[in-house]
Number of protein chains: 2
Amino acid sequence: MGAMRTKNVADEVTRAALDLFSTRGYANTSVQQIVEAAGVTKGAMYHYFTSKDDLLFAIYERMLSLQKSRLDEITARGGAPEEVLRAVCVDVLETSIEFLPEGTVFFRSVHMLSEERQKEVTRRRREYNDEFATIIERGQAAGVFRDDVPTAVLIAHFFSDVHYLSHWYRPEGPETKTEVAQQVTDLFLRSIRKET
Amino acid sequence: MGAMRTKNVADEVTRAALDLFSTRGYANTSVQQIVEAAGVTKGAMYHYFTSKDDLLFAIYERMLSLQKSRLDEITARGGAPEEVLRAVCVDVLETSIEFLPEGTVFFRSVHMLSEERQKEVTRRRREYNDEFATIIERGQAAGVFRDDVPTAVLIAHFFSDVHYLSHWYRPEGPETKTEVAQQVTDLFLRSIRKET
DNA sequence: CTCATCAAACCGACTAGACGGTATGATCGC
DNA sequence: GCGATCATACCGTCTAGTCGGTTTGATGAG
């Protein structure tokens, strides 16, 4: 009877939505397709989510809080700017590879969210960005990072790699996520290090 | 008489579509909105385009052929790998900034094209990619570029910057397109140069 | 010049169906 | 019998694309 059927509706729906959004795109996925893939009905779904939009936001929410908490943890440990930056870069790259479908959906469909929720996403990303900028500025003050290029360009140069992962990295490919994270971080650190 | 051509319906529609797709997104833009913004009627539009999809592809087509022909031109000039690579990078970055709305639409909405046309886009981009890879491989053979990191990672590291431009660069911001193109190219070249 | 002819360009009301969301009520643990 | 959890049928809206008809402009005969 009930013992078998304890699957969480909300989780199943989120999982199915992530899968469909990342492969077919948000706009090309109907609520009907989602609930069918999740093995539930529309009524059940709308009991837990207020809209399709809400479903998309849930995916973002999970990723944003995860990455932010990991960043906080690393910066809290402290250390030399270059080592902190290295740890942060490797971590966000690895995490982004682990959550590759989320990333695909993220960068492709933010603009489909309501104005209000886009603002929220932007706010949260700016928080992350500012904390990242602080690390770089500490490095510049310590004379280990270059300051002849605008900080905004340096930051964009790194986050571009994070964004682009979902466009080229394939888990079944030759490199592990750890290798790629190290390699990309090295490339980035090499380019921002002050030449001696 | 060519000089005094009446305003071309196809051009007006393409322009309006680009504008709306880049601001509201492909899925959020109706054909009706496009034709209204272009000052034409649906009938006129469907006389020149077979579908909404067709309109999106036209935007891609223009960008793909432009960038490919520029790449061909630069490689045809020849020269030392590092200088060729620098010229190619600066050029694609500058061009991408000039065509920022196209880029926004491009990276956001490729997956909305028909399977067939996605294949075509992929094919054309691979052509560009392969030519780019050849330059890097020549540099590696000449001993000026590092070969301790997979070429695929090096390439992705550069194209990530190109993709990401539309996410952060603002024409009204402090840096000109030429400055940014130079700065980003320098960062990239620094990271792929073999250390001596 | 006038007018007939024809094809391309263009118009816009209309359709068919998909889709997000809801109203209603059944089921069940407590 | 009461709230939470879901199932089902349904609704109003929106939209890509169509189609019969109209305008325009080029051509050429008289």
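**Two chains and a DNA strand**

Chain B and chain A bury about 3100 Å² between them, with carbon and sulfur atoms accounting for 62% of it. Keep in mind as you look around that this is a predicted model. The contact draws 30 residues from chain B and 30 residues from chain A. On the chain B side, three residues stand out: Tyr164(B), Leu187(B) and Arg190(B) supply 24% of the area that chain B buries against chain A, more than any other three residues.

One of that trio is worth a closer look. Arg190(B) makes a salt bridge with Glu195(A), and the closest N and O atoms of the pair are 3.6 Å apart. Across the interface of chain B and chain A, the rule finds two salt bridges. Polar contacts turn up here as well: ten residue pairs meet the rule across this interface, both partners at pLDDT 80 or more.

So much for pairs; now for the helices and strands. Which elements of chain B give two or more residues to the side that touches chain A? They are α8, spanning 151-168, and α9, spanning 177-192. The largest share of that side comes from α8(B), with eleven residues. Sorted by type, the residues on the side of chain B that touches chain A come out as twelve nonpolar, nine polar and nine charged.

Now swing over to DNA strand C. There are 13 residues around the strand, and those that come nearest are Val31(A), Lys42(A), Thr41(B), His47(B) and Tyr48(B), a list with members from chain A and chain B. If you pick out the atoms of DNA strand C within 4 Å of the protein, 62% belong to sugar or phosphate and the rest to bases.

A few specific distances fill in the picture. Lys42(A) reaches a base: one of its polar side-chain atoms lies 2.5 Å from a base oxygen of DNA strand C. Tyr46(A) goes for the backbone instead, with a side-chain N or O atom 2.9 Å from a phosphate oxygen of the strand. In chain B, His47(B) also has a side-chain N or O atom 2.9 Å from a phosphate oxygen of DNA strand C. The elements that give two or more residues to the surface near the strand are α3 (42-48) of chain A and α3 (42-48) of chain B. The largest share of this surface, four residues, comes from α3(B). By type, the residues near DNA strand C split into five nonpolar, six polar and two charged.

Note on methods:
Residues numbered from 1 in each chain as written. Chains lettered and ligands numbered in written order. Predicted model: local features only at pLDDT ≥ 70, side-chain atom pairs only at ≥ 80, totals over all residues. Heavy atoms only, no water. Near = heavy atom within 4 Å. Polar contact = N/O pair within 3.5 Å; in protein donor to acceptor, adjacent residues only side chain to side chain. Nonpolar A, V, L, I, M, F, W, Y, C, P; charged D, E, K, R; others polar. Contact = heavy atoms within 4.5 Å. Buried area = accessible area lost by both parts, 1.4 Å probe. Salt bridge = Lys/Arg side-chain N within 4 Å of Asp/Glu carboxyl O.
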